[in-house]
Amino acid sequence: MKSHAQVVVIGGGVVGCSVLYHLTKFGWTDVLLLERSELTSGSTWHAAGGFHTLNADTNMAALQGYTIKLYKELEEISGQSCGLHHVGGLTLATTPERMDFLKAERAKHRYMGLETEIVGPQEISKLSPITNTEGVIGALYDPLDGHLDPYGTTHAYAKAAKLNGAEIQLRTKVEALDPKPDGSWEIVTDQGNIIAEYVVNAAGLWAREIGEMAGVYLPLHPMEHQYLVTDEIDIIINREHELPHVMDPTGESYLRQEGNGLVIGFYEQACVPWAVDGTDWNFGHELLEDDLDRIGDSLTIAYHRFPVLETAGLKRVINGPFTFAPDGNPLVGPVPGLTNFWSACAVMAGFSQGGGVGLTLAEWMVEGQPSRDVFAMDVARFGDYCTKDYTRIKVTENYQRRFAVSYPNEELPAGRPLHTTPAYDIWKQQNAVFGQGYGLEHVNYFAPAGEEPYEIPSFRRSNAFATVSEECRTVREAVGLNEIHNFSKFKITGGNARAWLDKIMAGRIPKPGRIALTPMLNHKGFLIGDFTIMNLGDGGFQLTASYSAQAFHQRWFEQHMQEGVEIENISLNKIGFQIAGPKARELLSRITDYDVSHDNFKFLSVKEINLGDISALVARVSYTGDLGYEIYVDAEQQPKLYELLTTAGQNLGLKPFGMRAMMSLRLEKSFGSWMNEFKPDYTAAETGLDRFIDFDKPVAFIGKQVATAERNNPPARRLCTMIVEADDADVWGYEPVWKNNKVIGFVTSGGYAHYSQQSVAFALLPRELISDGEEFEIEILGELKKARVFTETLFDPQSLRLRS
């Protein structure tokens, strides 16, 4: 075995071979794949081999589209057949809610260039005559869906990689991973040791074990999965064309043709986590024991939906394990806390996603950043809260929901509550309806007394609509109280703290006692952060950003660390409340001796003051777009601060409000939000965040060259705000925008601005089409709704309240 390689990929399944091939495609040829047994050992060999583009995340769907289109190229390069069957696929809808979901997905596909379509029962019967359409409203048809030969496809990747210079070493078991001071890794195997500059964990069923060798826990878990293969069926033998795939979410099943028979697989509710204590190193070429009782209910539904199954002979049962992450998407990218150790695992749909995973990792490793936003599969989207038990619980939930409708307002219950703040019990007593992000509970809204604290999942306006409206009114007309724990918070100190911030942040670094808003860019000029910087004086700073992006941001900070800088994540150590509304200043003045008048405590100021006997950091800023303050205290002081505020605010109309109201109020000020308007797909100039960039500072901040080029030559599209003539459904995100019968842009997010009583959409549109009053149409759940651009804000257009 060679003694050194630039990259060592561990695992010879379809994902590992894809990573190997894509690294060579990007020009790195000193790459080696290690496989403990033979290629396809593990999950790949027993996979059903289906592929599809449908995914709730648009970038994941695009990468799945890339994967599917790659196979013909692979066949040409390698000379190895992938056994492709492009037969198309149908996803059935038997409820109005499922039909809403499919219409929303079809709308996304319009601007993604995916040629899916909605079809009715008659067309379903023509495409798949073995499907009983009783009770079926319609279906989404995707002509790209199909299936392939898992063995042939994996070897096609491998052969293409070897033709480009890669090496593959089989029957080589990795036994240990030792990090070296220079950032490289010594990989100890039963065939000798090798030094690698980079290590990629693509070990599939053994990814947990490989992660533990490197000193990390990767949140994934294997699940048992069964599918059945039938004998030959006469109606199929006599067909001229192969049947399309059919997914029947009601029956939790997928079905496709296999030769002259059928394959049908199930994602049953009575599912079984596999290898809870770890995967046996000797496993790999065997199947698990059949368990047809587990899928009995789903089989009954399948017999009704596909009557030919009732008389078909059973050829064999396949029961094998494959891995999931808690949300069902892969774990890809540089692993936080480690140097040059990368993840490419938990790819449960390897033949839909394997090519996209390989492309993303290779781009990222070779060029420094992927070419699109891949946060949906970034390993850094999970944090230390994902323990083994929590991961198993969430993976089980995700498996059970494989065919469930994904509602934009739905909060999944498994494993909750995990993390809470000291205010949690206070909110529960007030009938709070909770959501969660990054393992932490937060209030979405407060249900009326006597009403169950539950928001009904829907694509349309929910049962929370009227209540959220009242919470918004409290903020705009009196004063509202809201927790601020779901911001990440980093404390930056050290002699080089300011210089370091100047380098990694594109905006101005504020003077002591002041606050600044700034984008953080990657080297390609795309947004990777939307930060508030507070200068605390004495060389110390507090950064706040999205709570769920904290591991993502921490990794970036560590990758660009300098001497003389110390970073501490204080996200759960410093929490508190924000107060917002016209009476917020009066409320604050009642609990402190400090002069909080406008002249002494101006907008975008930050001060350390005493509130009663509580020491607090108070920032004169509010995401509601109203007069407001963010108050940060030590976590154990939060209940005491609550009592202080609520006692002082009794005759001011003080009431709590949740995140649903917060996200409505920000619409009235055209405030964007992270991972909606601001994400790694977009630049500062496209989203308007370039107004916060300090182009004149002498520092060559990361992304400056690209940002400057865009200032001189503005991008073709730009973010704008529109009022929509909506009915009972508002936009959520990714709806296509039409002009003159053509899709010319898409919605980033939106909703109902309750206080202004307007339906609002933010959208990225061609720059030349954006002008006040310009009219468009937005496709919402299959219907075109009129929308017009407005360039002022709905509330306080001159920001007099905000700055008062």
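# Helices, strands and loops in a predicted model

Q: In this predicted model, is Y734 buried or exposed?
A: Y734 has a relative accessibility of 17%. A residue counts as buried under 20%. With its 17%, Y734 is therefore classed as buried.

Q: What is the phi of Y734?
A: Y734 belongs to the loop between β33 (717–724) and β34 (736–739). Although Y734 is not a glycine, its phi is positive. The value is about 75 degrees.

Q: Which residue in the loop between β18 and β19 has a positive phi?
A: The loop in question connects β18 (331–334) and β19 (341–345). The residue is not a glycine, and its phi is near 60 degrees. At 25% relative accessibility this residue counts as partly exposed. The residue is N340.

Q: How are α2 and α9 oriented to each other?
A: Two packed helices are described by the angle between their axes and the distance between the axes. For helix α2 (residues 58–78) and helix α9 (residues 350–367), the angle is about 100 degrees and the axes are 7 Å apart. Angles of 65 to 115 degrees count as roughly perpendicular. The orientation of α2 to α9 is therefore roughly perpendicular.

Q: How many charged residues take part in the contact of α2 with α9?
A: On the α2 side, the residues include M60, L63 and Y71. On the α9 side they include F351, L359 and T360. The residues of this contact divide into 7 nonpolar and 8 polar, and the number of charged residues is none.

Q: How is α5 oriented to α9?
A: The axes of helix α5 (residues 150–163) and α9 come within 12 Å and cross at roughly 5 degrees. Angles under 35 degrees count as roughly parallel. The orientation of α5 to α9 is therefore roughly parallel.

Q: Which residues of α9 make the contact with α5?
A: From α5, the contact is made by P150, T153, T154 and Y157. The residues of the contact divide into 3 nonpolar, 4 polar and no charged. The partners in α9 are F351, G354 and G355.

Q: Which are the edge strands of the open sheet of 8 strands?
A: The strands follow the order β6-β7-β5-β14-β15-β16-β13-β17, and their pairing is mixed. Each edge strand pairs on one side only. The edge strands are β6 (117–119) and β17 (314–324).

Q: Which residue of β7 stands opposite I118?
A: β6 and strand β7 (residues 138–142) are paired over 3 bridges. Their pairing is in the antiparallel sense. Opposite I118 in β7 stands L140.

Q: At what angle does α8 run to β16?
A: Helix α8 (residues 296–305) lies across β5 (89–93), β13 (221–230), β14 (245–248) and β16 (261–266). The direction of α8 is compared here with that of β16. The angle is about 140 degrees.

Q: How many disulfides are found in the whole structure?
A: C82 is in no disulfide, and the nearest cysteine sulfur, that of C17, is 12 Å away. A disulfide requires cysteine sulfur atoms within 2.5 Å. C386 is also in no disulfide, its nearest cysteine sulfur being that of C345 at 13 Å. The number found in a search of the whole structure is 0.

Q: Is M505 buried or exposed?
A: M505 lies in the loop between α13 (497–504) and β24 (515–521). Leaving aside neighbours within four places in sequence, M505 is in contact with residues including T518, F531, I533 and L543. M505 has 0% relative accessibility and therefore counts as buried.

Q: How many of the 11 residues of β25 are buried?
A: Strand β25 (residues 527–537) pairs with β24 in the antiparallel sense over 7 bridges. β25 also runs antiparallel to strand β26 (residues 540–546), to which 5 bridges join it. The strand is largely enclosed by the rest of the structure, because the number of its buried residues is 9.

Q: Which residue in the turn of the hairpin of β25 and β26 has a positive phi?
A: In this hairpin, 2 residues lie between the strands. I533 has L543 as its bridge partner in β26. The phi of the turn residue is about 55 degrees, and the residue is D538.

Q: What is the omega of the peptide bond from R416 to P417?
A: P417 is placed in the loop between α10 and α11 (424–429). The bond from R416 to P417 is cis. Its omega is near -5 degrees.

Key: Residues numbered from 1 in each chain as written. Predicted model: local features only at pLDDT ≥ 70, side-chain atom pairs only at ≥ 80, totals over all residues. Heavy atoms only, no water. Axes fitted to C-alpha atoms, helices over the stretch in contact; angles between N-to-C directions. Helix = DSSP H or I, 4+ residues; strand = E, 2+ residues; numbered from the N terminus. Parallel < 35°, antiparallel > 145°, perpendicular 65-115°, else oblique. Contact = heavy atoms within 4.5 Å. Nonpolar A, V, L, I, M, F, W, Y, C, P; charged D, E, K, R; others polar. Pairing = 2+ DSSP bridges. Buried < 20%, exposed > 50% of the residue type's maximum accessible area, 1.4 Å probe, protein only.
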